[in-house]
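Me: I would like to go through the salt bridges and the nonpolar core of this predicted model. Please reason briefly and finish each reply on the value or name I ask for.

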Amino acid sequence: MPSSTPTRTARALRWAVAVVVGVLVSVPTPALAADTVGYTATVIADNTGHTGTPLEIGAAVDTAVDSHGNTYVSDAGRNRVFRIAPDGTRTVFAGTGEWGNAAAQPASTATAADLMQPMGIDVDARDDVYIAVMGHGRVVRVTPGGVLTVVAGNGTLGAPVAGDALSSPLWQPVEVAVHDGTVFVADQNAEQVLAVSDGRLDVVAGAGKTGGTSDLSRPATEVALGGAVGLAVTPGGVLDIVSKSHQRVYALQGGRLSVVAGNGDVGRIVVGPATRSPLYYPERITVDADGNLYLADAGNKAVDVIDADGTIRELDLRGLSLDEPTGVSTSGSDVLIADQRNHRVVRWSPSSPAVIDDPGVLRATWGAPSSFALSGQRTGSWALVGAVPDGLSLDGATGTLSWTPARAGTGTATVRTCAYQLRGCAARTLSLLADPTTPGAPSDVSATAGELSATVTWTPPARDGGSPVTGYVVEVLDGSGRSTGRTVRVGAVGTAVVDGLAPGRDHAFSVSAVNAQGAGPATTTTGTVRPRPSAAPTTAPTSAPTTAPTSAPTTAPTTAPTTAPTTAPTTTPVVRPTTAPTTAPTTAPATEPVVAPTTEPTTPPTGQPLPGPTSRPTTTPAATAAAPTPRSPTGPGARTPVTTAPAPAATPSDAPTPLPVPAAANAGTAPPTPGTTPGTAPGTAPGSPTSAPAVGAPPAPPPPGPRTTGPRERDGRAWGAPLDALLPDLPQALRDPARAVATVGVAMVRHAQYPAGVLLVAAVFLVLQHRIDRDDPKLALSPVVPDDRLAFDEATPARLPAEGGPT
């Protein structure tokens, strides 16, 4: 006997399936939000008053609307395209009403061209109208001025061929859609969707009549598409395709197809998810600016809408019935329907759309957050559309507008709200005003100490307050951060130098930016700086002139002695018992100078010798010149002067020329010839320009090396050595005054550069020497030695120098 186990198992499975089905059926469908928008349906074009005229509508297939509100209607029964103005005026836009010859090139004037069964139409951004002429296998374009050109198709019916669009046949073009310069064509009999761009035709969807797969994961060109009759491009660039034979709406994106609406079954729609609802031979489709899809459901004699949430429902035409609607288009919130069998065009529009209240000018301060609550009637969701200013956002659920102005000035923004999802919408452009404010604080403020100054640098503020920064204010602070009351203003730069700061004190600085609204917050340096004191001069000041003054001529004597004196003077000059003259005679003496008798020729002056001429004669008197013959004394107490050989002249480049030696001290040297001033070079007239400094000439530079007086010596000392070498020979009573007088004289010579000062110093020393020699021979600068050959009395002791001794 056969076992009963399989029977029991089958019975249990049937009960399980029944339970599952019961559960699924008992689960309620989620409730949909009620469409509370009121609508109206209006007939804008029919045959009333046009029966029997060229404007009579035979079979309205499709509609399209341009930017001016003109509605275009393709009439496959009358072989024309009509244009209906906003005021309802109807005119023929294209076609003669005749079928014409498909192989013949259509006329360039649209109203003179034969159009056999114009079907789908669309309008581009330039208001050019594209028409799919099914009977001629072409797609044509007509400008607003009525000029017609062929876009695709060669006038023969057949499977499309990729390549030149004008060379390819088209089998049955029934729909056209334009987006960004690309013309999409639905070829129903070829079961393909084509794309024409820059004159080239390509297949973008559908495997054609040769077959294809139903696997939507495959490329769109490999999928069996069926009879494609409807096209629409969404705002996002997705191409929606209606397959009449498949009872579906596909979306083409990224080369793949996906289902948007329809489950493949034929029947009445079921309100709910669009992909679960049957369709009944759908025709054309359109999409509005909000992304809502409107489908001409010809078999169901309705227009279906697929809302943004994917729900499909039938438009409520308020009792107006449709009979096989085949075309549909949108204009704003309005939907234009081609009611084919009723020979009319119907406009459906919300009667109670949303309304947005006027909020006035929305005013805010630059950089400051502000919020505004928008209001209205029958408002649903809110959104910003078009260009959105920086810093502006909108809460879609509450309609609260938030704004933090990113720039000062005026602007606009457009908001939209809808009565039901994305239908029954209203939009309003809002006026915005952002007031500028003071700029932000600079950053990276630092200071560098300088000499009685500081250099302050900074980085401009990140925010200018909505108005350009025109300058900066630098405030000086003390070391504790308190203001000193001093500010420095500069332009729109990044640095400033603050002068006049006290050295040795700490300073800080704060910087604030300035624009048309004033100064913003300040930023202070993180630390302090201490300016340096003023630097010492690069060279120490000196009281001495930059060049040694000289009373000698600045140029060499114009003439130099050609030969040295060959013989000594025949007579010895006589010197009067007076001090040496303070100035040299300007004219030659008429008689020989008379030398008064003295005890002994004086020694060279102890003062610093005056500078001689800056250059010497080309030739000098011979050192071996004959000494003058001494004259016998002519009076009581007279004495014969001692003669010596002349000392070699010092080289100007090594040492300055010594002061002129008094005549009594220079006895034995060649006396001046008549007409020659003592102390001048032979051949130079006294008082001539070459014997005095040139007026206005710069002083000669001081010679290098120590100042010396020559090689003549006495008692181991150089005759004419510096004053300090002779001071020990003076008593203390005369030593300090002599030094003071010498110091003053030297200073006068160096600084005053007056010849009178030189002569004064020389006179003082001569007088001093004469008094010493006269009053106390023991203190004489030139020691005297008694001479046994001369009479000696107590009143005037006469002495001669020792033989071979210094003079």
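Me: How far apart are the closest N and O atoms in the salt bridge of Arg423 with Asp307?
Reply: Arg423 belongs to strand E35, while Asp307 sits in the loop between strands E22 and E23, so the pair ties together parts that are 116 residues apart in sequence. Both Arg423 and Asp307 are buried. Their closest N and O atoms are separated by 2.7 Å.

Me: Is Arg407, which meets Asp390 in a salt bridge, buried or exposed?
Reply: Asp390 lies in the loop between strands E31 and E32 and Arg407 in the loop between E33 and E34, so the bridge joins parts 17 residues apart in sequence. Asp390 is partly exposed, at 44% relative accessible area. For Arg407 the relative accessible area is 54%, and because exposed means over 50%, Arg407 counts as exposed.

Me: Which residue forms a salt bridge with Arg341?
Reply: Arg341 is in the loop between strands E25 and E26, and its partner is in the loop between E23 and E24, 17 residues apart. The partner is partly exposed, with a relative accessible area of 22%. The N to O distance is 2.4 Å, and the partner is Glu324.

Me: How many residues does the largest nonpolar core have?
Reply: Strands E15, E20 and E21 each give two or more residues to this core. Among the residues with the most contacts inside it are Val242, Leu279 and Ile306. Beyond its sequence neighbours within four places, Ile306 is in contact with residues including Ala261, Leu293 and Ile312. The core's residue count is 19.

Conventions. Residues numbered from 1 in each chain as written. Predicted model: local features only at pLDDT ≥ 70, side-chain atom pairs only at ≥ 80, totals over all residues. Heavy atoms only, no water. Core = buried A, V, L, I, M, F, W, Y, C linked by side-chain atoms within 4.5 Å. Buried < 20%, exposed > 50% of the residue type's maximum accessible area, 1.4 Å probe, protein only. Helix = DSSP H or I, 4+ residues; strand = E, 2+ residues; numbered from the N terminus. Contact = heavy atoms within 4.5 Å. Salt bridge = Lys/Arg side-chain N within 4 Å of Asp/Glu carboxyl O.
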